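User: Please examine the model shown below and answer a series of questions about its contacts and backbone geometry.

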Protein chains: 2
Amino acid sequence: MALPQALENYRKQYRKIKLFQDVASVLHWDSEVMMPEEGREYRSSQIAAVAELTHEWMTDISFLNQIEAAKKSIGELPEWEQSVWKRELEVLMEEKEKADKLPSEFVSEFARVTNLAHAEWATAKKEKNFHSFANRLEELVQLSKKQADYFGYTTEPYDALLDSYEKGAKAAQIQILFSDLKKSLVPIVATAPKFKNPFPGVVSIDKQKKFCNRLPSLLGLTTKESRLDTSNHPFSTSLGKGDKRITTRYSETDPLSSIFGVLHETGHSLYESGLSSMPDWPTPITEFLSLGIHESQSRLWENQVGRSLPFWEFVYPILISDFGLTDKELPFKELYQYINSTEKTKIRVEADQVTYNLHIILRFEIERDLINGNIQVKDLPEIWNAKMKESFGLSIENDAEGVLQDIHWSMGAFGYFPTYTLGNLFSSQFFKKFTEEYPDSHNKFSAKGDFSDLLNWLRKNIHSKGKIYDVDTLMRDVTGESANSKYLISYLNGKIEEVTK
Amino acid sequence: MALPQALENYRKQYRKIKLFQDVASVLHWDSEVMMPEEGREYRSSQIAAVAELTHEWMTDISFLNQIEAAKKSIGELPEWEQSVWKRELEVLMEEKEKADKLPSEFVSEFARVTNLAHAEWATAKKEKNFHSFANRLEELVQLSKKQADYFGYTTEPYDALLDSYEKGAKAAQIQILFSDLKKSLVPIVATAPKFKNPFPGVVSIDKQKKFCNRLPSLLGLTTKESRLDTSNHPFSTSLGKGDKRITTRYSETDPLSSIFGVLHETGHSLYESGLSSMPDWPTPITEFLSLGIHESQSRLWENQVGRSLPFWEFVYPILISDFGLTDKELPFKELYQYINSTEKTKIRVEADQVTYNLHIILRFEIERDLINGNIQVKDLPEIWNAKMKESFGLSIENDAEGVLQDIHWSMGAFGYFPTYTLGNLFSSQFFKKFTEEYPDSHNKFSAKGDFSDLLNWLRKNIHSKGKIYDVDTLMRDVTGESANSKYLISYLNGKIEEVTK
């Protein structure tokens with residue numbers, strides 16, 4: 001049966017907006033991976049112009065009228081079809097209302113300041129000097145507070161920002177979850193062993209590339225629908241149906257860095273690939289559910305799979321062959337232990353799977369206080385360094401290895417950090433459920449490198465659900481309970497036990 | 001002094017259109033060079049949507065009003081500034097009037113049919129079967145005739161199409177120029193020697209890449225503003241200021257193919273780079289003057305420089321080192337002769353610099369007859385093969401090596417071919433003038449690989465002129481006479497003499 005015209009009309013406009021949002025993703029991917037340096041200025045203005053255009057279309061009254069007409073025409077559909085259409089328009093209106101709440105002058109101003117801040121942050125980090133960046137950061141905090149006011153909130157301003165990354169999440173709940181987690185992590189960190197790098201020397205980037213290029217297909221992401229490249233910071237992006245891009249970076253002295261970059265980003269892209277395979281793609285429903293859920297997909301392949309014994313039993317012979325090493329030069333046990341080594345270090349992006357969450361909790365606490373007005377920008381280095389001393393026992397020598405290390409705040413992205421640890425919690429909870437349902441899957445991993453049970457399970461339970469449900473409903477539907485830290489802790493404890501045997 | 005507001009306003013809108021046209025170029029470059037195959041369908045719709053948007057803006061009445069207001073406000077400027085502004089708006093209106101003449105349904109229909117035709121042409125070529133493509137080609141011819149009617153013409157429909165690629169050119173004049181050229185080429189082709197491939201074996205693509213990657217910088221196109229990649233067909237494109245992209249293709253058995261691809265495309269990109277350096281870029285004046293002039297820049301670096309003795313005296317030691325060969329294995333004289341070998345072959349894109357023009361003349365004659373209604377699509381293979389027999393003495397075995405070999409007609413691009421040979425004529429005429437003005441330049445080429453005199457001369461005389469003058473005025477200003485075939489013939493005769501010594 002043909003759709004009512006009003007539904008067709010609204011979807012046509014939605015798809016036009018989505019098409020141009022994906023154009024912006026192409027422009028951005030190219031600028032990070034391919035573009036010669038002198039193209040930067042012009043490219044920035046292209047990205048800004050496309051963003052302005054899609055924001056204009058999204059907030060235009062004619063689009064609202066189309067949505068209203070679409071809503072009214074849902075009644076013409078057979079009853080069993082109505083609820084999914086209602087949800088589709090509801091999800092869209094949530095997104096649209098956020099866009100509508102920001103005056104276009106504010107959007108331009110925010111873009112202008114973050115654009116300046118990005119370069120200034122990079123300079124300050126290079127010069128290890130927080131104070132040359134403090135005024136700009138203060139401006140970003142003020143703008144972010146203003147943004148929170150525009151969005152509105154019930155309890156605290158930070159919630160309004162958090163909601164942009166993790167729909168419906170509240171800082172107070174996350175605080176409880178994270179406190180619980182922190183309490184359990186402390187004794188784990190205290191006992192978890194550090195292992196030394198077992199590689200007998202440097203590994204050329206060509207050899208690493210040979211191995212890394214196998215990984216996406218091994219996990220289920222084919223070269224027909226994806227490509228792997230190199231960039232300064234690993235990332236993944238969906239450029240549309242049948243076109244997922246992942247990147248990694250290579251270090252001759254630390255070959256695991258590129259491998260885990262690929263596993264992580266492949267996890268993100270497998271999720272996007274699943275979303276693009278949903279019927280009627282693209283609709284507001286076929287988008288990723290939240291950043292926490294997105295991160296759960298990357299962490300699951302990176303940690304639960306990528307640091308597991310069955311995975312390494314399968315890939316180890318391939319790795320030593322690609323790297324031109326023997327099993328004497330790189331013994332399996334030493335490699336596997338190193339992959340699961342734990343060590344308190346200063347830099348988040350280099351942290352292991354145990355201490356990583358402590359880095360996130362520290363950032364969450366600081367940014368929450370900052371946005372809620374409990375601490376001042378000028379005091380940030382002192383606060384940061386004190387917390388590092390307290391949680392990690394480490395003394396920060398300079399701001400580059402301290403408060404200036406991450407890009408997020410310079411982008412005005414307050415409320416983003418917690419989604420990383422939410423992803424870790426979700427991934428452990430999902431993976432536990434999967435192994436209960438497919439107890440034999442580990443054998444297929446190790447014997448045949450066959451990960452299809454897991455991918456199919458994720459497709460069925462998470463990817464194909466898009467935004468049909470909210471995060472809590474999805475967690476309960478799939479795992480039988482709301483998100484909690486139990487499974488991550490149990491996973492980490494098991495891991496420590498395994499590698500210290 | 002500040003510009004009158006009306007001039008600012010019109011330029012702002014012009015630049016927005018240009019910005020999005022360049023977005024389409026990014027999308028297109030990526031699709032040819034990077035994109036995984038399953039991304040094609042979605043990407044096509046993105047490219048079409050951006051094209052539709054810029055066409056909409058270009059033909060919108062509000063833009064016309066801005067241009068009219070801008071025209072009126074020119075009088076407020078100091079007199080010495082007025083003429084360049086008048087020219088700018090005149091050039092824009094020429095472009096705009098062409099866009100305005102096509103109804104938007106026609107533009108969509110043309111895009112739809114060429115999109116289908118492209119795939120069908122590729123299949124027909126693969127299957128060596130013209131007749132499976134004949135109906136679609138007939139449709140394209142009819143659409144192109146309709147397009148010629150929309151544009152309007154004085155003498156013949158073909159002129160209207162030709163004008164889109166070579167502003168102001170007339171088929172009757174080109175016929176005279178080409179007849180003249182053909183008459184002179186026949187004896188040259190008869191005496192020009194064929195030399196055999198001197199490479200002692202295959203050359204790995206990695207070795208070729210090493211050498212090819214040096215060439216753009218050597219000619220003056222730095223990696224800060226450009227990059228070289230691989231694609232099925234070499235091409236170049238400007239993605240904006242500071243961002244020129246060139247591609248080539250590699251054959252292990254024919255290493256000259258990649259090298260001359262790079263030299264050719266670098267020539268195009270040097271022109272675009274010069275245009276982007278014009279003051280006030282981007283304006284309607286800072287665009288390339290015509291396809292013939294564009295081609296003159298690629299041919300000049302590919303042939304006049306790239307097949308010259310001084311060029312090879314400089315790069316030969318680098319080439320044999322990069323290729324891991326000795327001067328005994330690849331003797332200089334044999335290599336240089338092979339670079340300037342002449343042979344009648346069936347495929348245009350593989351043709352040498354002498355016979356290439358005969359390929360173009362053949363196509364020009366056929367497409368002119370086709371658009372003017374003097375011949376029928378169904379008779380094309382017979383006509384093509386007869387002409388190949390007459391001009392080349394070669395028997396065409398199948399349509400893939402005959403009438404189906406080129407992509408142009410499947411894109412509805414009738415009137416494009418002559419610009420290749422115009423480029424050859426222009427380039428010889430320009431280069432002759434340059435060597436008269438810089439008689440020592442050859443020494444700088446051979447001794448130091450210093451091509452800056454030539455690049456500066458091209459920048460000053462051609463690149464920095466953009467669209468200020470029409471083609472004939474530019475040719476007369478720079479070389480003292482209108483375009484003619486004398487210099488190409490003299491260049492080719494000199495070359496034959498040189499290599500047969």
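User: In this predicted model, which residue forms a salt bridge with A:Arg43, its closest N and O atoms being 2.9 Å apart?

Analyst: The structure is a predicted model. The pair links distant parts of the chain, 13 residues apart. A:Arg43 belongs to helix α2 (residues 40–59) of chain A, and its partner to helix α1 (residues 5–33) of chain A. With the closest N and O atoms 2.9 Å apart, the partner of A:Arg43 is A:Asp30.

User: Which side chain meets that of B:Arg43 in a salt bridge?

Analyst: Between chain B and chain A the count is 4 salt bridges. In one of the salt bridges of the model, the side chain of B:Arg43 meets a side chain of chain A at 3.4 Å, N to O. That distance satisfies the cut-off of 4 Å, and the residue of chain A is A:Asp243.

User: How much area do chain B and chain A bury between them?

Analyst: The contact involves 36 residues of chain B and 36 residues of chain A. Of the area buried between the two chains, 64% is on carbon and sulfur atoms. B:Leu19, B:Pro36 and B:Tyr42 supply 22% of the area that chain B buries against chain A, more than any other three residues. The area that the two chains bury between them is about 2,900 Å².

User: Which element gives the most to the side of chain B that touches chain A?

Analyst: Chain B and chain A have 16 residue pairs in polar contact, both residues being at pLDDT 80 or more. On the side of chain B that touches chain A, two or more residues come from each of α1 (5–33), α2 (40–59) and β1 (226–230) of chain B. By class, this side has 17 nonpolar, 7 polar and 12 charged residues. The element that gives the most, with 10 residues, is α1(B).

User: What kind of axis relates the two copies?

Analyst: Chain B is superposed on chain A by a rotation of 180° with 0.0 Å of shift along its axis, at an RMSD of 0.0 Å. The two copies are thus related as by a two-fold rotation axis. The same surface serves both copies, since 100% of the contact residues of chain B recur in chain A. The relation is as by a two-fold rotation axis.

User: Where do the residues covered by the UniProt annotation "binding site" gather?

Analyst: The annotation, from an unreviewed UniProt entry, covers A:His264, A:His268 and A:Glu295. A:His264 lies in helix α11 (residues 255–276) of chain A. The three residues span 32 residues in sequence, yet no two of their C-alpha atoms are more than 8.7 Å apart, so they gather at one spot.

User: Is the peptide bond from A:Trp281 to A:Pro282 cis or trans?

Analyst: Most peptide bonds are trans. A:Pro282 lies in the loop between α11 and α12 (291–305) of chain A. In chain B, B:Trp281 and B:Pro282 are joined by a cis peptide bond with omega about -5°, and B:Pro282 is placed in the loop between α11 (255–276) and α12 (291–305) of chain B. For A:Trp281 to A:Pro282, omega is near -5° and the bond is cis.

User: What is phi of A:Lys128?

Analyst: Most residues other than glycine have a negative phi. A:Lys128 is in the loop between α5 (104–126) and α6 (131–151) of chain A. This residue, which is not glycine, has a positive phi, near 55°.

Notes: Residues are numbered from 1 along each chain as its sequence is written. Chains are lettered from A and ligands numbered from 1 in the order in which they are written. This is a predicted model: local features need pLDDT of at least 70, side-chain atom pairs count only at pLDDT 80 or more; totals for chains, interfaces and linings use all residues. Side-chain values use heavy atoms; hydrogens and water are left out. Contact means heavy atoms within 4.5 Å. Buried area is the accessible area (1.4 Å probe) that two parts lose on being put together, summed over both. A polar contact is a pair of N or O atoms within 3.5 Å; within protein, one must be able to donate a hydrogen and the other to accept it, and residues adjacent in sequence count only if both atoms are side-chain atoms. Helices (H or I, at least four residues) and strands (E, at least two) are DSSP runs, numbered from the N terminus. Ala, Val, Leu, Ile, Met, Phe, Trp, Tyr, Cys and Pro count as nonpolar, Asp, Glu, Lys and Arg as charged, and the others, Gly among them, as polar. Copies are superposed by least squares on the C-alpha atoms of residues with pLDDT of at least 70 in both. UniProt positions are given in the numbering used here, feature names are shortened, and annotations may be inferred rather than shown by experiment.
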